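Student: Could you take me through one part of this model slowly, and then show me what else is worth looking at? I am new to reading structures, so please go step by step.

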Amino acid sequence: MWVVDFVKSSVVGIVEMAQEWLSELGLVIMFLGASLYWATRPPFRIQETIRQLDFAGTQSILLIVMTGAFTGMVSVLQGHNAMSRYGAESLVGAATALALTRELGPVLTGLMVVGRVGSAMTAELGSMRSTYQIDALSSMAVAPVQYLVCPRIIATSMAMPFLATIFSFSGMIGAYIMAVEYLHIDAGAFMSAVSDYVTSSDVTQGLTKSVVFGLILSLVACFKGFNATGGARGVGLATTKAVVLSSVLILFSDYLMTAIMF
Amino acid sequence: MIQVDDVRKKFGEQQVLRGVSFEVKKGSISTLIGRSGAGKSVLLRHMIGLDEPDSGHIVIDGSDIVGMKTRELNKIRRRFGVLFQDGALFDSMSVSENVAFPLREHSELNEKEIQDVVIQKLDAVGLRGHTEKYPSEISGGMRKRVGLARALALNPDIIFFDEPTSGLDPITRGAIYRFIEKTHLDGHITYFLVSHDISGVMAISDEIMMIHDGQIVACGTPESFRTSSDQVVRQFLSGSPDGPISID
């Protein structure tokens with residue numbers, strides 16, 4: 001009898017969770033619709049968008065350069081270890097370049113930006129919600145979605161391809177230093193393998209991914225912050241949920257896009 | 001004039017507003033009083049169009065804002081200012097940027113004219129020397145005064161105040177009421193306050209409404225409240241825990 005009860009309660013729990021997810025997905029889609037609606041209507045918040053570009057883009061560069069360089073270096077070390085077993089050490093540069101432009105650049109940049117920018121967006125908007133600053137905007141006849149959300153989504157989606165490029169570029173510098181200086185792979189062989197194997201479509205597809213990741217992470221971060229309830233604890237929970245959800249969605253959409261593109 | 005007519009609102013199973021009706025006369029200082037949790041702030045949110053009632057009407061100078069489209073509602077909102085509890089100042093902006101915000105959004109003034117208005121409004125609330133400070137660097141009373149200056153920036157017809165003196169010491173409270181009276185005299189604006197600070201609002205209000213259990217239970221001049229024989233009003237004025245108002 002207890003087995004039937006257990007199965008029953010598990011099924012009910014799963015159905016309720018699915019309903020909750022679907023209803024939240026509906027709300028996120030409506031939020032995206034509202035953002036698109038307000039983004040196309042004047043006044044265009046150019047100054048605020050530039051401010052967000054500076055925060056999401058310029059101020060993330062150092063972090064992206066560091067993570068990119070270390071990722072390139074470790075990729076070469078691991079790649080060399082595996083490829084040397086087949087005598088294909090000279091291809092380690094090409095393998096690293098392909099991994100960086102197609103996958104590691106956009107995905108790791110997305111995850112780093114989720115941590116640095118997405119979490120801050122959720123916390124800021126959540127705090128504005130709990131201290132009635134968003135209500136104050138509405139009461140002053142200013143559309144909060146247009147003023148707060150659109151600039152963040154536009155700026156993050158614009159900044160992401162640049163950051164992903166910087167990530168891949170600094171990754172390749174790290175890979176080159178590691179391969180040529182430390183592993184003594186011929187510099188000419190390294191560079192020619194890179195130029196032989198990496199095509200422009202690898203680069204554009206990687207950049208397309210990074211734009212989508214930027215849209216996803218900023219949309220989720222703004223949605224969670226904008227709808228945060230329950231004071232400081234609620235803002236903390238919203239920030240955690242935003243980081244987890246956008247990280248999962250980045251990895252999921254990466255799989256989908258990779259399956260479609262390559 | 002503002003007319004609130006049979007406004008009802010339910011959150012889940014809890015009926016917060018049970019048919020609230022009253023009028024606010026043009027140019028008056030009218031105050032809604034009541035215990036914490038009586039539905040004052042909920043009603044105020046409905047009056048400024050942040051929430052929609054389940055039924056009823058809220059008419060501001062002939063326009064019913066219930067069910068109104070955002071674009072139309074925003075035209076009406078440009079004619080009023082709101083002072084939220086704790087000011088609701090934008091913490092990423094300085095004091096002067098906060099006061100300038102509605103001017104930058106809705107006026108055709110150039111930067112020099114905006115700065116002149118900002119100084120004038122901050123002067124009216126006694127904060128001229130604090131223009132470059134941020135909300136986190138000033139006291140609660142100062143934040144409310146900046147909120148009042150921001151609410152006054154566009155010379156509105158109506159200003160709504162949500163608990164303008166809550167959490168303040170008696171002297172700052174007195175100063176806030178003085179600024180409210182002074183700015184009201186200067187501008188002949190309709191002021192609508194929500195408060196439970198009975199002694200303060202009695203001194204400045206032309207009319208007082210009392211909300212209890214989601215309904216208006218008394219309405220009249222401060223004098224009529226002082227002499228009221230209504231047990232609910234008497235208990236609220238005396239602050240006694242014993243009487244028809246039960247303590248939850």
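Student: Let's look closely at the hairpin in chain B: in E2(B), which residue is the bridge partner of B:Arg8?

Tutor: Happy to! Keep in mind that this is a predicted model. The partner of B:Arg8 in E2(B) is B:Arg18. That pair belongs to a longer match: strand E1 (residues 2–11) of chain B and strand E2 (residues 14–24) of chain B run antiparallel and are joined by 8 bridges. The hairpin they form has 2 residues between the strands, and B:Gly12 takes a positive phi near 65° there.

Now step across to the other neighbour of E1(B). Strand E4 (residues 55–60) of chain B pairs with E1(B) over 5 bridges, in the antiparallel sense. One match to find on your screen is B:Val4, whose bridge partner in E4(B) is B:Ile58. Put together, these strands belong to an open sheet of 4 strands in chain B, in the order E2-E1-E4-E5, with antiparallel pairing. E2 and strand E5 (63–64) of chain B each have a single partner strand and stand at the edges, so one side of each has no neighbour in the sheet. As a general point, strands of a sheet pair through backbone hydrogen bonds, either parallel or antiparallel.

For the parallel kind, stay in chain B and find strand E7 (residues 158–162). E7(B) pairs in the parallel sense with strand E6 (residues 80–83) of chain B over 4 bridges, and B:Val82 has B:Phe160 as its bridge partner in E7(B). Strand E8 (residues 190–195) of chain B also pairs with E7(B) in the parallel sense, over 5 bridges. Here B:Ile158 is matched with B:Thr190 in E8(B). E7(B) is mostly covered, with 5 of its 5 residues buried. One side carries B:Ile158, B:Phe160 and B:Asp162, the other carries B:Ile159 and B:Phe161, and both faces are covered.

E6(B) leads us to a hollow. A search of the whole structure finds 1 cavity of 30 Å³ or more, and the largest cavity holds about 140 Å³ of space. Among its 15 lining residues, those closest to its centre are A:Met140, B:Phe80, B:Gly81, B:Pro102 and B:Leu154. E6(B) gives the largest share of this lining, 3 residues. By class, the lining has 9 nonpolar, 3 polar and 3 charged residues.

There is also an open space to explore: the largest pocket has a volume of about 990 Å³. It is lined by 35 residues, and the closest to its centre are A:Trp38, A:Ser138, A:Ala143, A:Pro144 and B:Thr70. The lining of this pocket has 18 nonpolar, 7 polar and 10 charged residues. Helices of chain A that each supply at least two lining residues include H1, and helix H2 (70–77) of chain B is one of those from chain B.

Let's finish with that chain A helix. Helix H1 (residues 2–39) of chain A has 38 residues, which at 1.5 Å a residue should span 56 Å; its end C-alpha atoms are 54 Å apart, so the two values agree. Within H1(A), A:Val28, A:Phe31 and A:Ser35 are buried. In general, an α-helix has 3.6 residues a turn, so residues three or four places apart point the same way. Helix H6 (144–182) and helix H8 (200–226) of chain A are among what covers the buried residues of H1(A).

Note on methods:
Residues are numbered from 1 along each chain as its sequence is written. Chains are lettered from A and ligands numbered from 1 in the order in which they are written. This is a predicted model: local features need pLDDT of at least 70, side-chain atom pairs count only at pLDDT 80 or more; totals for chains, interfaces and linings use all residues. Side-chain values use heavy atoms; hydrogens and water are left out. The expected span of a helix is 1.5 Å times one less than its number of residues. Buried means under 20% relative accessible area, exposed over 50%, partly exposed in between (1.4 Å probe, protein chains only). Contact means heavy atoms within 4.5 Å. Two strands pair if DSSP finds at least two bridges between them. On a 1 Å grid over the protein atoms alone, a cavity is a set of points where a 1.4 Å probe fits but cannot get out, and a pocket is an open set with protein on both sides within 12 Å along at least five of seven lines; lining residues have an atom within 4 Å of a point. Grid points are joined across faces, edges and corners, and a volume is the space filled by probe spheres set on the points. Ala, Val, Leu, Ile, Met, Phe, Trp, Tyr, Cys and Pro count as nonpolar, Asp, Glu, Lys and Arg as charged, and the others, Gly among them, as polar.
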